[in-house]
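Work through these short exercises with the model on screen. Try each task before reading its solution.

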Amino acid sequence: MADLGISHAHVNQYGSVQSKKPVTARSKIQLVVHATLVTAAFLFVAALVFGIVG
């Protein structure tokens, strides 16, 4: 393989466990917005299936 000059000695030594980052206000807002959009899309599709809309 090509030597990319990257030392793997400092790479996460505990496998693929992600470090927990503190939850910021922005990430909370994004979570709420995404959950709202997914819920709205699901309800819209369910309304289409059951003939409530269209």
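Three exercises follow, each with its solution.

This is a predicted model, where local features need pLDDT of at least 70, side-chain atom pairs count only at pLDDT 80 or more, and totals for chains use all residues. Residues are numbered from 1 along each chain, and side-chain values use heavy atoms, without hydrogens or water.

**Exercise 1.** Find the secondary structure of the chain and check the span of α1.

Solution. Count the elements: one helix and zero strands. Helices are DSSP runs of H or I with at least four residues; strands are E runs of at least two. Next, take α1, with 25 residues. Its end C-alpha atoms give 36 Å, close to the expected 36 Å. That expectation is 1.5 Å times one less than the residue number.

**Exercise 2.** Is Phe50 buried or exposed?

Solution. Locate Phe50 in the segment after α1 (25–49). Its relative accessible area is 68%, so Phe50 is exposed. The cut-offs are under 20% for buried and over 50% for exposed, with partly exposed in between (1.4 Å probe, protein chains only). Across the 54 residues of the chain, 2% are buried.

**Exercise 3.** Compare the annotated transmembrane region with the model.

Solution. The unreviewed UniProt entry places this region at residues 31–53; such annotations may be inferred rather than shown by experiment. In the model, the span is 83% helix and 0% strand. Its end C-alpha atoms lie 27 Å apart. Just after α1, Gly51 has a positive phi of about 80 degrees.
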